[in-house]
Amino acid sequence: MASFYVENFGCRATQADGAAVERQFEERGLSRADGPEQAELVVLNTCTVTAAADQDARAAIRRIRRVNPGCQIVVTGCYAQRAPEEVAALPGVSRVIGNSHKHQLAEIVLLPGARSVVPLNDDSAIFVSDIFAHTELLAAPVFDAAHQRTRPNLKVQDGCDNRCSFCVIPSVRGQSRSLPLNRILREVQALVDSGYREVVISGINLGRWGRDLPIQSATENWELTTDNCSSELRLRAQPLHFEDLIRAILSETSLEKLRISSVEPMDWSDELIRMMAGSPRIAKHAHVPLQSGSDRVLRAMHRKYRPWHYREKVEKIRAAMPTAAIGADVMVGFPGESESDFEETRLLIEELSFTYLHVFTYSPRPGTPAAAMRDQVPAQVARERNRILRELSAEKKLAFMRTFVGTTVDAISLNVFDGQSTEALTDNYLKLRLAGHHEPNRWLQARVGNVADGALVATL
């Protein structure tokens, strides 16, 4: 029996694709190796959002070839889709399978009906085609090794119809595609039946879920119940929206806690905010990408909101959920970003009640409009801006965490024990260290004593 190992790079969506690839192999009888050193087949599921992501993939190929020269290395994912010839030319690479063919990966690398790997055929080493011609969406729950038995991640949407000038993702992931509602509900309930208490739903542009699904396709094979939610979705003659998905998960499954991944500012509707604030089954955690606080830069980025629109959304979320975690993605060093542009971003962040930031330095991506723009920001200037925002983020996070000292919080225990304390995650996305050993996947109430090393320190 052949053995395989899948190594993932990048975002939650890439990790979900990797889980779906693992499912393909396991359904065909292959065994999962403990690491790339022991595997006959190694699949590298790549990211290409930055130049550093490409470098990480190339370094991994060199490392695997060195430690396991006899294995077949298959490269898939976003880097494979964007630059297949470049990847195929790397020593040790057997096949390059883009996102366009990832749903067929096991069929391509395995002998039909067998459990052995197809010998390399140089004439068919690259499997990449127009991603916009494909409608397949891979989906399988992701189980983080450190958090197993606690918080699986389920990708319910892929692709993006936005055209941000800096972003290469639409060209390697294709148009927005949604997993049908009935499939999502089956996956969520299966996770619940297996004992999971919290599930994270994610996507490339999650808030666009359902817009591409015809009513018949979105609800096909749907078993009507007497519940108002399913009846409404079946009878309503208009496209489904993200809020419909949230409502259906709460109504049609017994999931205890639903956590929503990143949602673009335009898709934080008043209804979505009300649903999140009003349901104890939805984690109080909102991730709202910002990118820039400068109107001029947002326009150059082709983002579909202005700073005042963004401010309004965050203030509504905070007013509805005073203790919610609110996070954002922020980019520094976008071409033409002046000192005054950066200062507008810094001031907006300073004034809004963020819990955390993911700060990125702009990286030119081949084929994107921003890569050809003039006034590229010097690397040392971008690094300094990155440092300033990271320090501001750390200050805001620490101030937010300190507001919980002396209070009681709800948290789910994770599968991490350091010999003295158990790691847990609060409803509002704060790391918590709980004295003593506690079984994973348990809801706990903890009394917060202090804050140390980026975590709430608490006792049961």
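Student: What makes strand β3 (residues 41–46) and strand β4 count as a pair?

Tutor: Two strands pair if DSSP finds at least two bridges between them, and here 6 bridges join β3 to β4, which run parallel, so the requirement is met. Within this pairing, Leu 41 has Gln 72 of β4 as its bridge partner. The model is predicted, and local features are accordingly taken only where pLDDT is at least 70, side-chain atom pairs only at pLDDT 80 or more, while totals for chains, interfaces and linings use all residues. Residues are numbered from 1 along each chain as its sequence is written, and side-chain values use heavy atoms, with hydrogens and water left out.

Student: How many residues of β4 are buried, and on which sides do they lie?

Tutor: Buried means under 20% relative accessible area, exposed over 50%, and partly exposed in between (1.4 Å probe, protein chains only). In β4 (residues 72–77), 6 of 6 residues are buried, and the strand is described as mostly covered. Gln 72, Val 74 and Thr 76 point one way, Ile 73, Val 75 and Gly 77 the other way, and all of them are buried.

Student: What is known about the two faces of β15, and which strands does it pair with?

Tutor: Strand β15 (residues 421–426) is also mostly covered, with 6 of its 6 residues buried; Ser 421, Glu 423 and Leu 425 lie on one side, and Thr 422, Ala 424 and Thr 426 on the other. Strand β14 (residues 408–417) pairs with β15 in the antiparallel sense over 4 bridges, and Ala 411 is matched with Thr 426 of β15. Strand β16 (residues 431–435) is joined to β15 by 5 bridges, again antiparallel, with Arg 433 in β16 as the bridge partner of Glu 423.

Student: Which residues between these strands take a positive phi?

Tutor: In the hairpin of β14 and β15, which has 3 residues between the strands, Gly 419 has a positive phi near 100 degrees. In the hairpin of β15 and β16, with 4 residues between them, Tyr 429 in the turn has a positive phi of about 65 degrees.

Student: Why are β8 and β10 called edge strands of their sheet?

Tutor: The sheet is open, has 4 strands in the order β8-β7-β9-β10, and shows mixed pairing. β8 (177–178) and β10 (257–260) each have a single partner strand, so one side of each is left without a neighbour in the sheet. Inside that order, β7 (residues 153–158) and β9 (residues 198–203) pair in the parallel sense over 4 bridges, and Asn 153 stands opposite Val 200 in β9.

Student: Why are helices α11 and α13 called roughly parallel?

Tutor: Helix α11 (residues 270–278) and helix α13 (residues 307–320) pack at an angle of about 25 degrees, with axes 10 Å apart. Angles under 35 degrees count as roughly parallel, over 145 as roughly antiparallel, 65 to 115 as roughly perpendicular and the rest as oblique, and α11 is therefore roughly parallel to α13. Their meeting residues are Asp 270, Ile 273 and Ala 277 in α11, and Lys 313, Lys 316, Ile 317 and Ala 320 in α13, where contact means heavy atoms within 4.5 Å.

Student: How do you know that the length of helix α15 agrees with expectation?

Tutor: The expected span of a helix is 1.5 Å times one less than its number of residues. Helix α15 (residues 379–402) has 24 residues and reaches 35 Å from its first C-alpha to its last, close to the expected 34 Å.

Student: Why does Arg 385 count as buried, and which residues does it contact?

Tutor: Arg 385, which lies in helix α15, has 5% relative accessibility and therefore counts as buried. Leaving aside neighbours within four places in sequence, Arg 385 is in contact with Val 332, Glu 337, Ser 338, Glu 339, Phe 342 and Val 377. Arg 346 is 39 residues from Arg 385 in sequence and 9.2 Å from it in space, C-alpha to C-alpha.

Student: Is Ser 165 buried or exposed, and where is its place?

Tutor: Ser 165 is in the loop between β7 and α6 (169–173), and its relative accessible area of 0% makes it buried. Not counting residues up to four places away in sequence, Ser 165 touches residues including Ala 300, His 302, Phe 334 and Met 373.

Key: Axes are lines fitted to C-alpha atoms, for helices over the stretch in contact, and angles run from 0 to 180 degrees between N-to-C directions.
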